[in-house]
Amino acid sequence: MEVRAKKALGQHFLTDQSIARTIVDSLTRDNPVRDTLEVGPGMGVLTRYLLEREDIDLKLVELDSESVEYLLTHFAGMQGRLYEADFLKLDLHSLFPGQYRVIGNFPYNISSQIFFKILDDKDRVPECVCMIQKEVADRIAEKPGSKTYGILSVLLQAWYDIDYIISVGSGAFAPPPKVQSAVIRLRRNGRSELGCDEKLFKQVVKTAFNQRRKTLRNALKPLLREGIDTLDPVFDLRAEKLGVEDFVRLTLLLTQ
């Protein structure tokens, strides 16, 4: 039995075993957090190597019923650890009472949404290893000053250290995607709080980049209350020039 890749689900099955092992090996060993969630296992190319790891307790979430049937048929012990569900709608607190790590070949059409869900649960997710579209990986790992630097760059770098592991060509998949891919690792940094209103921080970052060609003085007009001093030189810059600490400072300026 083979699983048919479904365009609507953004499925491109990794077939290169050496890359599969590299992805699994990138998940830190001897981490005190054993609980691990594989997102979108498909036909189990990562699963077989994850099950060999004695340092993790694996659970899996898969939306595609055909893939679920394949995994139940080809892998022992899937009952009770494999969930047929949409990760974006999954109640992760019911699945894991404490911390857990995330790994997977993320569907490219929802990878940004997956990262936003991880950010919402960042205090319980110390590590994430994933294959995503190379363009998105470059954006996440990018530093300020680049045109690819954006919303996800700032929000993820605020809470995670980003490691760019490897680039992956389209020939490693069936069917081959039209884009290049990459593997990245996110590991929670030492930051416990931003030092500013976190909700406003996210709003500032999103608003600034939604008008990224404008200076912050113009891009942030919807957030500027009467009496806020915009003479600070930071308002002359564009969003792509600001790092995480700059956005924290900017958020504080908007609350004075």
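In which loop does Gly-227 lie? Select Gly-227 in this predicted model and follow the backbone to either side: the residue belongs to the loop between helix 9 (216–219) and helix 10. With the surface displayed, you will find that Gly-227 is exposed, its relative accessible area being 76%. Add Leu-254 to the selection and draw a distance between the two C-alpha atoms, which lie 9.8 Å from each other although Gly-227 and Leu-254 are 27 residues apart along the chain.

Next, select helix 10 (residues 244–253) together with helix 8 (residues 198–210), whose axes are 9 Å apart and meet at an angle of about 110°. Because angles of 65 to 115 degrees count as roughly perpendicular, helix 8 and helix 10 are described in that way. To see the contact itself, show the side chains of Leu-200, Phe-201, Val-204, Val-205, Ala-208 and Phe-209 on helix 8, and those of Val-244, Phe-247, Val-248, Leu-250 and Thr-251 on helix 10. Coloured by residue character, this contact between helix 8 and helix 10 shows 10 nonpolar residues, one polar residue and no charged residue.

Finally, move to helix 1 (residues 17–25) and select its buried residues, namely Ile-19, Ala-20, Ile-23 and Val-24. If you turn the view to look down the axis of helix 1, these buried residues fall within an arc of 140°, and so they line one face of the helix. Which elements pack against the buried residues of helix 1? Display strand 1 (13–14), helix 2 (47–50), strand 5 (101–105), strand 6 (127–133), strand 7 (160–168) and strand 9 (181–188), since these are the elements that the buried residues of helix 1 pack against.

Notes
Residues are numbered from 1 along each chain as its sequence is written. This is a predicted model: local features need pLDDT of at least 70, side-chain atom pairs count only at pLDDT 80 or more; totals for chains, interfaces and linings use all residues. Side-chain values use heavy atoms; hydrogens and water are left out. Axes are lines fitted to C-alpha atoms, for helices over the stretch in contact, and angles run from 0 to 180 degrees between N-to-C directions. Helices (H or I, at least four residues) and strands (E, at least two) are DSSP runs, numbered from the N terminus. Angles under 35 degrees count as roughly parallel, over 145 as roughly antiparallel, 65 to 115 as roughly perpendicular and the rest as oblique. Contact means heavy atoms within 4.5 Å. Ala, Val, Leu, Ile, Met, Phe, Trp, Tyr, Cys and Pro count as nonpolar, Asp, Glu, Lys and Arg as charged, and the others, Gly among them, as polar. Buried means under 20% relative accessible area, exposed over 50%, partly exposed in between (1.4 Å probe, protein chains only). The arc is that of the directions from the helix axis to the C-beta atoms.
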